[in-house]
Amino acid sequence: WAGSHISGDLRDLTDELRSWEHAFEVYYNYMLTPAMHLSASSQLIRPAIEQNDNAWTLGMRLQLDF
C-alpha cells in the first residue's frame with residue numbers, strides 16, 4: 001500500500017479532490033531456475049481526482065542472470 005495525502009490548501013482550490021490517493025500492489029517472484037526468475041504483479045490505484053476511474057494494471061517480468 002502507498003498513500004498520498006492531498007493538502008487542505010490544494011483541496012480548497014477545487015471540489016474535485018479527495019483527501020487521499022491510494023495505491024495497492026501484489027507482487028510474486030517465482031524462481032524457474034537459479035538464473036531465471038518470473039515475476040507477476042498487479043496494481044490498483046484510486047486517484048485523488050474524484051471524476052477519474054480507478055486504474056488497474058497487470059504486469060509480468062522475466063529476469064535472466066548471466
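## Pairing of β2 with β3

Histidine 22 has arginine 46 of β3 as its bridge partner. This bridge belongs to a predicted model. Strand β2 covers residues 20–33 and strand β3 covers residues 36–46, and the two pair in the antiparallel sense over 11 bridges. Together β2 and β3 form a hairpin, with two residues between them.

## The sheet as a whole

β1 pairs with β2 as well, in the antiparallel sense, over four bridges. The sheet is open and consists of four strands in the order β1-β2-β3-β4, with antiparallel pairing. Its edge strands are β1 (2–5) and β4 (55–64), each of which pairs on one side only. From one strand to the next the twist averages 15 degrees.

Strands of a sheet pair through backbone hydrogen bonds, in either a parallel or an antiparallel sense. In the present sheet the sense is antiparallel.

## Chain layout and overall dimensions

The protein chain contains one helix and four strands. Read from the N terminus, its elements follow the pattern β-α-β-β-β. The radius of gyration is 18 Å, well over the 11 Å that the globule rule gives for 66 residues, so the chain is more spread out than a compact globule. The C-alpha trace spans about 55 × 20 × 15 Å along its principal axes.

Of the 66 residues, 14% count as buried. The accessible surface of the chain comes to about 5400 Å², and carbon and sulfur atoms account for 58% of that area. Among contacts with a separation of 6 or more, 31% are between residues 24 or more positions apart.

## Alanine 2 in the edge strand

Alanine 2 is placed in strand β1, and its bridge partner in β2 is alanine 23. Beyond its neighbours within four places in sequence, alanine 2 is in contact with Glu21, His22 and Ala23. One of these contacts, Ala23, is thus also the bridge partner, while His22 is the residue bridged to arginine 46 in β3.

The relative accessible area of alanine 2 is 42%, so this residue is partly exposed. Its C-alpha atom is separated by 16 Å from that of isoleucine 49, which is 47 residues away along the chain.

## Aspartate 15 in the loop before β2

Aspartate 15 is found in the loop between α1 (8–13) and β2. With a relative accessible area of 76%, aspartate 15 is exposed, because the value is over 50%. The C-alpha atoms of aspartate 15 and aspartate 53 are separated by 16 Å, and the two residues are 38 positions apart along the chain.

## Serine 39 in β3

Serine 39 lies in strand β3. Its relative accessibility is 4%, so serine 39 counts as buried, the cut-off being under 20%. A polar contact of 3.2 Å joins its side chain to that of tyrosine 27.

Leaving out neighbours within four places in sequence, the contacts of serine 39 are Tyr27, Tyr28, Asn29, Gly59, Met60 and Arg61. Residues 20–33 make up β2, and residues 55–64 make up β4. Serine 39 therefore has contacts in both of these strands, with Tyr27 among those in β2 and Gly59 among those in β4.

## Serine 42 in β3

Serine 42 is also placed in strand β3. At 18% relative accessibility, serine 42 counts as buried, because this value too is under 20%. Which side chain is joined to that of serine 42 by a polar contact of 3.1 Å? The partner is tryptophan 56. A polar atom of the serine 42 side chain also lies 3.3 Å from the backbone oxygen of threonine 57.

When residues up to four places away in sequence are not counted, serine 42 touches Phe24, Glu25, Val26, Trp56, Thr57 and Leu58. Both residues named in the polar pairs above, Trp56 and Thr57, are included in this list. Like serine 39, serine 42 therefore has contacts in β2 and in β4.

Notes:
Residues are numbered from 1 along each chain as its sequence is written. This is a predicted model: local features need pLDDT of at least 70, side-chain atom pairs count only at pLDDT 80 or more; totals for chains, interfaces and linings use all residues. Side-chain values use heavy atoms; hydrogens and water are left out. Two strands pair if DSSP finds at least two bridges between them. Axes are lines fitted to C-alpha atoms, for helices over the stretch in contact, and angles run from 0 to 180 degrees between N-to-C directions. Buried means under 20% relative accessible area, exposed over 50%, partly exposed in between (1.4 Å probe, protein chains only). Contact means heavy atoms within 4.5 Å. The radius of gyration is taken over C-alpha atoms; the globule rule is 2.2 Å times the number of residues to the power 0.38. Accessible areas come from the Shrake-Rupley method with a 1.4 Å probe; for residues, only the protein chains shown count as cover. A polar contact is a pair of N or O atoms within 3.5 Å; within protein, one must be able to donate a hydrogen and the other to accept it, and residues adjacent in sequence count only if both atoms are side-chain atoms.
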